[in-house]
Amino acid sequence: NLLFPPAKKPCGFPAKMAAIRRFKPLFDRILVEKFLPEVKTKGGVLLPEKGQGTVLEGTVISVGPGARDKSGNIVPISVNVGDKVLLPEYGGTKVTMEEKEYHIYRDSDILGVFE
């Protein structure tokens, strides 16, 4: 069919990561992958989904160029790719790419950076 080209075969892991690395947020936005919640206690007991709690930490995957101030100058982003950051409990935009969940936050929403 000319309207719908044939579906592409799923690509391997390196190509998937390359697609995510190519995604560049606009302005002062940051793409973050949240850490997975703990599903086991130290004693080996599996936790139910309600008992896992919320995860407020993540890794910066990609950053935008920065916002513009009133005079038109670009204000750089305060975090870098690979930084471990503290996230707010609410907020951000959930995005799914290559069957993985990511969140987009503004630079001002990030609460802190772990060293």
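1. Let me start at Thr59. Setting aside anything within four places in sequence, Thr59 is in contact with Leu31, Val32, Glu33, Phe35, Gly82, Asp83 and Lys84. Keep in mind throughout that this is a predicted model. Thr59 belongs to strand 2, which covers residues 57-63. Across the strand pairing, Glu33 stands opposite Thr59. There is also a side-chain link to look at: Thr59 and Lys84 make a polar contact of 3.5 Å.

2. Is Thr59 buried or exposed? Thr59 has a relative accessible area of 15%, and the cut-off for buried is under 20%, so Thr59 counts as buried. The rest of its strand tells a similar story: six of the seven residues of strand 2 are buried, so the strand is largely enclosed by the rest of the structure.

3. Phe35, one of the contacts of Thr59, sits in the loop between strand 1 (29-34) and strand 2. With a relative accessible area of 31%, Phe35 is partly exposed. If you want a distance to check in your viewer, take Phe35 and Leu56: they are 21 residues apart in sequence, and their C-alpha atoms are 7.9 Å apart in space.

4. Now the sheet. Six strands form an open sheet in the order 6-7-1-2-5-8, with antiparallel pairing. Its edges are strand 6 (93-97) and strand 8 (112-114), each of which pairs on one side only. On average, neighbouring strands in this sheet are turned by 45° against each other, direction ignored.

5. Going through the pairings, strand 1 and strand 2 are antiparallel and share five bridges; Val32 has Val60 of strand 2 as its bridge partner. On to strand 5: strand 2 runs antiparallel to it, with three bridges joining the two. Here Glu57 stands opposite Leu86 of strand 5.

6. Over at strand 6, five bridges tie this strand to strand 7 (residues 100-106), again antiparallel. One of the partnerships is Val95 with Tyr102 in strand 7. Strands 6 and 7 make a hairpin with two residues between them, and Glu98 in the turn has a positive phi of about 50°.

7. What makes up the largest nonpolar core? It has 10 residues: Ile30, Val32, Val60, Val63, Ile77, Val79, Val85, Leu87, Tyr105 and Ile110. Strand 1 and strand 2 each supply at least two residues of this core. Ile110 is a handy place to look at the packing: beyond residues up to four places away in sequence, Ile110 touches Ile30, Val79, Val85, Leu86, Leu87 and Tyr105. There is also a second, separate core of five residues, with Leu31, Ile61, Met97 and Tyr102 among them. In soluble globular proteins, nonpolar side chains tend to be buried together.

8. Asp28 deserves its own point. Asp28 lies in the loop between helix 1 and strand 1, yet it counts as buried at 14% relative accessibility. The side chain of Asp28 makes a polar contact of 3.0 Å with that of Arg106. Not counting residues up to four places away in sequence, Asp28 touches Gly66, Ala67, Ile77, Tyr105, Arg106 and Asp107; of these, Ile77 and Tyr105 also appear in the largest nonpolar core.

9. For the overall picture, the protein has one helix and eight strands, and along the sequence they follow the pattern α-β-β-β-β-β-β-β-β. Of its 115 residues, 23% count as buried. Among contacts with a separation of 6 or more, 63% are between residues 24 or more positions apart.

10. Finally, how far does the confidence go? The mean pLDDT is 76, and 66% of the residues reach 70 or more. Among the elements, strand 5 (residues 84-86) has the highest mean pLDDT, 91, and helix 1 (residues 13-22) the lowest, 53. Over residues 4-13 the pLDDT is below 50, and beyond near neighbours in sequence this stretch has one contact in the model. Where pLDDT is low, the predicted coordinates should not be read in detail.

Key: Residues numbered from 1 in each chain as written. Predicted model: local features only at pLDDT ≥ 70, side-chain atom pairs only at ≥ 80, totals over all residues. Heavy atoms only, no water. Helix = DSSP H or I, 4+ residues; strand = E, 2+ residues; numbered from the N terminus. Buried < 20%, exposed > 50% of the residue type's maximum accessible area, 1.4 Å probe, protein only. Polar contact = N/O pair within 3.5 Å; in protein donor to acceptor, adjacent residues only side chain to side chain. Contact = heavy atoms within 4.5 Å. Pairing = 2+ DSSP bridges. Axes fitted to C-alpha atoms, helices over the stretch in contact; angles between N-to-C directions. pLDDT = per-residue confidence, 0-100. Core = buried A, V, L, I, M, F, W, Y, C linked by side-chain atoms within 4.5 Å.
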